[in-house]
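This report describes a single structure in terms of its strands, helices, charged pairs and cysteines. The sequence and coordinates are shown first, and the description follows.

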Amino acid sequence: MFFISLTILLFLLYALLFLYYSNAWKKIPEYHPSVNRHTQTMVSVIISARNEEKRIGKCLESLALQNYPPESFEIIVINDFSEDNTSQVVRSFSAGFPQLRLIELSDFVRKEDIWSYKKKAIETGISQAKGTLIITTDADCVMPRTWISTIAAFRNSKEAGMIAAPVALTIPAGSKSSKLPFFIFQIIDFMTMQGITGAALQKRFHYMANGANFAYTKQLFHDIEGYKEADDIPSGDDMMLIEKASRANQDKIYFLKSTEAIVCTPAEATLKSFFHQRVRWASKSSKYQDYKIKTVLALVYLANAWLVIVALSAFVVPGLTLLLLAIFVIKVFAELLLIIPVSRFFNHTKLLWWFVPLQPFHILYILFAGWFGAFGSYRWKGRRVTKSGRMP
């Protein structure tokens, strides 16, 4: 009886958490800039790139088409010791794209002297930036024409110091139809995280961001001393920075809920790359200082682990089958409270037919990614990251 009561209590807490997120997401006003959206704000877009020769071209093409005044923005690509032709691709764009600059990280630091390459690359880019507003993104992203102008207008309207903006996964070009469920799984999962990010920032409950679409003033970056005290952590250029900023000034941090600022990036093409990506994301959770996000992550992990425990126990105690069904329904219903309105924003409601069939895979993914994120190692951009944080 105690086991049943504890199980029901756990999943009711889980449901209340997602109800809280759902209500918070719905309260975020959608932002639509005025017709005269151009501002005099100088913007520096910072891109850390490693081994991106096949994808950075599309990113730069979308940036060249921005409707922001050309004299008011610059693009700085920092080549992070690439082992391919990333630098050559960027240089090929330079002639017809005067706002574009290429920086070689090797000109500023020896690779054996650092652990967190991406943080050092971004830090180096900011040190060379002319803009008062910094926007970071990734080399595999594609942006709408309104991207820079929307973020700049929002920053000015809110006098924001830091902005987490929306990111959407897309199905990689040329993918086989047989892999469609795998890509849809990633899209739904990532969309859920975006919903939680926006909801949490709306309530100032905890602080999340994604470096693929992240903006902050150069002044704020310097005021909080950038990545100081987190420069020995390989990942977390986004989460560590927004958490640090939240301790300095929570009232200046916003989520930009605007379809005109959505950045698109392809889902991982293989199960192996997907797993390493999510383990990398999970690995930084132990470094968070905010107990609220740690509590949320613990609750989510425990609920998924408990569901598996109940499922295995039901084989031995058939009477638990009804309990298993009940908590599974609670879990699905709770998550849909958030995912349905978020999917409307991202125009992905048709994908929700896959939500229930993909649940078993999502539960196992949470367990394995969380476990390996805490205790295992992963590979990223050809570098192996161990538990010590070293990148041999």
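A residue is called buried when its relative accessible area is under 20%, exposed when it is over 50%, and partly exposed in between, with a 1.4 Å probe and protein chains only. The model is predicted: local features need pLDDT of at least 70, side-chain atom pairs count only at pLDDT 80 or more, and totals for chains, interfaces and linings use all residues. Residues are numbered from 1 along each chain as its sequence is written, and side-chain values use heavy atoms, with hydrogens and water left out.

**Sheet and strands**

Helices (H or I, at least four residues) and strands (E, at least two) are DSSP runs numbered from the N terminus. Two strands pair if DSSP finds at least two bridges between them. An open sheet of mixed pairing is formed by seven strands, in the order β3-β2-β1-β4-β7-β5-β8. Its edge strands, β3 and β8 (253-255), each pair on one side only. On average, neighbouring strands of this sheet are turned by 20° against each other, direction ignored. Within the sheet, β5 (residues 162-164) and β7 (residues 214-217) run antiparallel and are joined by three bridges; Met162 has Tyr216 of β7 as its bridge partner.

Strands β6 (residues 167-170) and β9 run parallel and are joined by four bridges. Thr170 stands opposite Pro266 of β9. In a regular strand the side chains alternate between the two faces of the sheet. Strand β9 (residues 263-266) shows such alternation: Val263 and Thr265 point to one face and are buried, whereas Cys264 and Pro266 point to the other and are not.

**Helices against the strands**

Contact is taken as heavy atoms within 4.5 Å. Axes are lines fitted to C-alpha atoms, for helices over the stretch in contact, and angles run from 0 to 180 degrees between N-to-C directions. Helix α4 lies across β1, β2, β3, β4 and β7, and runs at about 150° to β1.

In helix α3, the residues Thr86, Ser87, Val89 and Val90 are buried. Because they cover an arc of only 160° around the axis, they lie on the same side of α3; the arc is that of the directions from the helix axis to the C-beta atoms. The buried residues of α3 pack against β1, α2, β2 and β3. Two of the residues just named, Thr86 and Ser87, are among the contacts of Asn79, together with Ala49, Leu102, Ile103, Glu104 and Leu105, neighbours within four places in sequence being left aside. Asn79 itself lies in strand β2 and is buried, at 6% relative accessibility.

**Charged pairs**

Side chains of opposite charge can pair when their charged atoms come close. A salt bridge is counted when a side-chain nitrogen of Lys or Arg is within 4 Å of a carboxyl oxygen of Asp or Glu. By this rule there are 13 salt bridges, including the three tabulated here.

| Pair | Closest N and O atoms |
|---|---|
| Glu83 and Arg50 | 3.6 Å |
| Arg91 and Glu104 | 3.5 Å |
| Lys118 and Asp138 | 3.0 Å |

Glu83 lies in the loop between β2 (73-79) and α3 (86-94) and Arg50 in the loop between β1 (43-49) and α2 (56-64), so their salt bridge ties together parts that are 33 residues apart in sequence. Glu83 is exposed at 61% relative accessibility, whereas Arg50 is buried at 6%.

Arg91 belongs to helix α3 and Glu104 to strand β3 (residues 100-104), so this pair ties together parts 13 residues apart in sequence. Arg91 is partly exposed, with a relative accessible area of 47%, while Glu104 is buried at 17%.

Lys118 in helix α4 (residues 117-128) and Asp138 in strand β4 (residues 133-138) link distant parts of the chain, 20 residues apart. Lys118 is buried at 14% relative accessible area, and Asp138 is buried at 19%. Elsewhere, Glu52, Arg55 and Asp140 are linked in a network of salt bridges.

**Cysteines**

How many disulfides does a search of the whole structure find? With a disulfide defined as a pair of cysteine sulfur atoms within 2.5 Å, the search finds zero. For Cys141, the nearest cysteine sulfur is that of Cys59, 6.5 Å away. For Cys264, the nearest is that of Cys141, 8.5 Å away. Cys141 is buried at 1% relative accessibility, and Cys264 is partly exposed at 29%.
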